[in-house]
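The following exercises concern one protein chain and are to be worked with its sequence and structure in view. Each task is followed by a solution in steps.

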Amino acid sequence: MMVAGIGSRKGVQVEDVLAAIETALEAHGLAMSALSALATAALKKDEEAVAAAGRTLNLPVIIVDDAALRAASSGTLSNSSLSQESAGTPSVSEASALAVAGKGATLLGPRTVLGPVTCAIAISGDAP
């Protein structure tokens, strides 16, 4: 399973989210078709652009609850004080991706920041 974790400022546009996902995937030489799901933190559950990106890509958007987000935080590579203050994790995108990809998941690298959106790619522990 390959998951794109999404973090963003409030009120972002779907184009911003899609561009961040594409940029993150391209950084790892991957195509959009490699993704299994999008993930984001509970505090972003009402962010329409993230939901719209899921619909556009025909992928589920999985909302990560606060406890799962914090549990996955030890595996993050980036450290944002704003993310830590607002979400209780050093990186919403990285922790979300790790939480959804499951036990043994790893990040392909640190999050990609593209304007108001961050995107991190994680693969499950059972992925090749």
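**Exercise 1. Determine the surroundings of Glu-47, using contacts beyond four places in sequence.**

Solution. Contact means heavy atoms within 4.5 Å. Leaving aside neighbours within four places in sequence, Glu-47 is in contact with Ser-8, Arg-9, Lys-10, Gly-11 and Val-12. The model is predicted: local features need pLDDT of at least 70, side-chain atom pairs count only at pLDDT 80 or more, and totals for chains, interfaces and linings use all residues. Residues are numbered from 1 along each chain as its sequence is written, and side-chain values use heavy atoms, with hydrogens and water left out.

Next, place the residue. Glu-47 belongs to the loop between strand E2 (37–41) and helix H2 (48–57); helices (H or I, at least four residues) and strands (E, at least two) are DSSP runs, numbered from the N terminus.

Then examine its charge. Glu-47 is buried and has no salt bridge. Buried means under 20% relative accessible area, exposed over 50%, and partly exposed in between (1.4 Å probe, protein chains only). A salt bridge requires a side-chain nitrogen of Lys or Arg within 4 Å of a carboxyl oxygen of Asp or Glu. Lys and Arg count as positive and Asp and Glu as negative, while His and the chain ends are not counted. The nearest side chain of opposite charge is that of Lys-44, 4.5 Å away.

Finally, look for a polar partner. A polar atom of the Glu-47 side chain lies 3.5 Å from the backbone nitrogen of Val-12.

**Exercise 2. List the salt bridges and state how exposed their partners are.**

Solution. Side chains of opposite charge can pair when their charged atoms come close. The count comes to two salt bridges.

- Asp-46 and Lys-45 are joined at 3.5 Å, N to O. Asp-46 is exposed, with a relative accessible area of 67%, and Lys-45 is exposed at 53%.
- Arg-55 and Glu-48 are joined at 2.4 Å, N to O. Arg-55 is exposed, with a relative accessible area of 55%, whereas Glu-48 is partly exposed at 46%.

**Exercise 3. Describe the largest pocket and identify the elements that line it.**

Solution. Begin with the volume: about 410 Å³ of space lies in the largest pocket. Of the 20 residues that line the largest pocket, the closest to its centre are Gly-7, Ser-8, Arg-9, Leu-82 and Ser-83. On a 1 Å grid over the protein atoms alone, a pocket is an open set of points where a 1.4 Å probe fits, with protein on both sides within 12 Å along at least five of seven lines; lining residues have an atom within 4 Å of a point.

Now assign the lining to elements. Strand E1 (2–8), helix H4 (81–87), helix H5 (92–101) and strand E6 (117–123) each supply at least two lining residues. H4 gives the most, with four residues.

**Exercise 4. Analyse the burial of H5 and the contacts of Ser-96 within that helix.**

Solution. First, assess the helix: H5 is mostly covered, with nine of its ten residues buried. Among them are Val-92, Glu-94, Leu-98 and Ala-101. Just after H5, Gly-102 takes a positive phi of about 95°.

Second, take Ser-96, which is located in H5. Ser-96 counts as buried because its relative accessibility is 0%. Not counting residues up to four places away in sequence, Ser-96 touches Gly-5, Ala-39, Thr-40, Ala-41, Val-64 and Leu-69.

Third, turn to Val-3 in strand E1, which is buried at 0% relative accessibility. With the same four-place exclusion, the residues touched by Val-3 include Ala-97, Val-100 and Ala-101, as well as Leu-35 and Ile-121.

**Exercise 5. Characterise H2 and the residue Asn-58 just after it.**

Solution. Within H2, Ala-49, Val-50, Ala-52, Ala-53 and Gly-54 are buried. Their cover includes E1, helix H1 (14–27), E2 and E3. By contrast, Thr-56, placed in H2, is exposed, with a relative accessible area of 54%.

Proceed to the loop between H2 and strand E3 (61–64), where Asn-58 lies. Asn-58 counts as exposed because its relative accessibility is 70%. Most residues other than glycine have a negative phi. Asn-58 has a positive phi of about 55° although it is not a glycine.

Definitions and conventions:
Polar contact = N/O pair within 3.5 Å; in protein donor to acceptor, adjacent residues only side chain to side chain. Points joined across faces, edges and corners; volume = space filled by probe spheres on them.
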